[in-house]
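Q: Could you take me through one part of this model up close? I'd like to see how a single helix is built and what it touches, and then how the rest of the chain fits around that picture.

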Amino acid sequence: MTTVIHKTPEQLREQRDRLLAEVRMSYEELRDRAEVYSLSMDELDVWHTIEGIDYLLDGDSRGDVKARRAGDDVRR
């Protein structure tokens, strides 16, 4: 039997913030270090989890959800 976990968008954003706090990095720092393969295994796990959260929140795991939304507001 498959287990399904239900979380609200707010709970996902809170989890995302907690994960970044755990690794003591901003999203940008974590992303930049991931791009040059300089993350520990724990940090890499956090990076992959954040990519998944971003996908769930915005349908795209290739960037910061908040930054993309801010950019969308500017273009409108």
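A: Let's begin with a term we will need throughout: a residue counts as exposed when its relative accessible area is over 50%, as buried when it is under 20%, and as partly exposed in between. By that cut-off Tyr37 is exposed, because its relative accessibility is 77%. Please keep in mind that this is a predicted model.

Tyr37 sits in the loop between H2 and H3, so let's use that loop as the doorway to helix H3, the part to look at closely. The phi of Tyr37 is near 55 degrees, a positive value in a residue that is not glycine. As background, most residues other than glycine have a negative phi. Arg24 gives a second case, with a positive phi of about 55 degrees although it is not a glycine either. Arg24 is found in the loop between H1 and H2, and at 75% relative accessibility Arg24 counts as exposed.

Now to the helix. H3 covers residues 41-58, which makes 18 residues. At 1.5 Å a residue these should span 26 Å, and the C-alpha atoms at the two ends are 26 Å apart, so expectation and model agree. Which residues of H3 are buried? They are Glu43, Val46, Trp47, Ile50, Ile53, Asp54 and Leu57. These residues cover an arc of only 125 degrees around the axis, which puts them on the same side of H3. Met41 and Leu56, on the other side of H3, are exposed.

Where does that buried side lead? The largest nonpolar core of the model has 14 residues. Those with the most contacts inside this core are Leu30, Leu39, Val46, Trp47 and Ile50. H1, H2 and H3 are the elements that give two or more residues to the core, and H3 gives the most, with 5 residues. Val46, Trp47 and Ile50 are therefore worth finding on your screen, as they are among the buried residues on that one side of H3.

Leu39 deserves a stop as well. Leaving aside its neighbours within four places in sequence, Leu39 is in contact with Met25, Leu30, Arg33, Ala34, Leu44 and Trp47. Trp47 of that list brings us back to H3.

Trp47 also takes part in an aromatic pair, and the count for the model comes to 1 such pair. Its partner is Tyr27: the ring centres are 5.7 Å apart and the planes are at 40 degrees, so the pair is tilted. Tyr27 lies in helix H2 (residues 27-35) and Trp47 in helix H3, so the pair ties together parts that are 20 residues apart in sequence. Are these two residues buried or exposed? Tyr27 has a relative accessible area of 5% and is therefore buried. Trp47, at 10% relative accessibility, counts as buried too.

A charged pair makes another link between these helices. The side chains of Glu43 and Arg33 meet in a salt bridge, with 3.3 Å from N to O. This pair links distant parts of the chain, with Glu43 in helix H3 and Arg33 in helix H2, 10 residues apart. Glu43 counts as buried because its relative accessibility is 14%, while Arg33, at 30%, counts as partly exposed.

A search of the whole structure finds 4 salt bridges, and two more of them help to fill in the surroundings. Arg31 forms a salt bridge with Asp32, the closest N and O atoms being 3.1 Å apart. Arg31 is partly exposed at 26% relative accessibility, and Asp32 is partly exposed at 37%. Arg13 forms a salt bridge with Glu10, the closest N and O atoms being 3.6 Å apart. Arg13 and Glu10 are 3 residues apart in helix H1 (residues 9-23), so about one helical turn separates them. Arg13 has a relative accessible area of 26% and is partly exposed, and Glu10, at 42%, is partly exposed as well.

Finally, step back to the whole chain. The protein chain has 4 helices and 0 strands, and from the N terminus on its elements run α-α-α-α. Of its 76 residues, 30% count as buried. Among contacts with a separation of 6 or more, 38% join residues 24 or more positions apart.

Definitions and conventions: Residues numbered from 1 in each chain as written. Predicted model: local features only at pLDDT ≥ 70, side-chain atom pairs only at ≥ 80, totals over all residues. Heavy atoms only, no water. Expected span 1.5 Å × (residues − 1). Buried < 20%, exposed > 50% of the residue type's maximum accessible area, 1.4 Å probe, protein only. Arc of directions from axis to C-beta. Phe/Tyr/Trp six-rings, centres within 6.5 Å; stacked < 30°, edge-to-face > 60°. Core = buried A, V, L, I, M, F, W, Y, C linked by side-chain atoms within 4.5 Å. Contact = heavy atoms within 4.5 Å.
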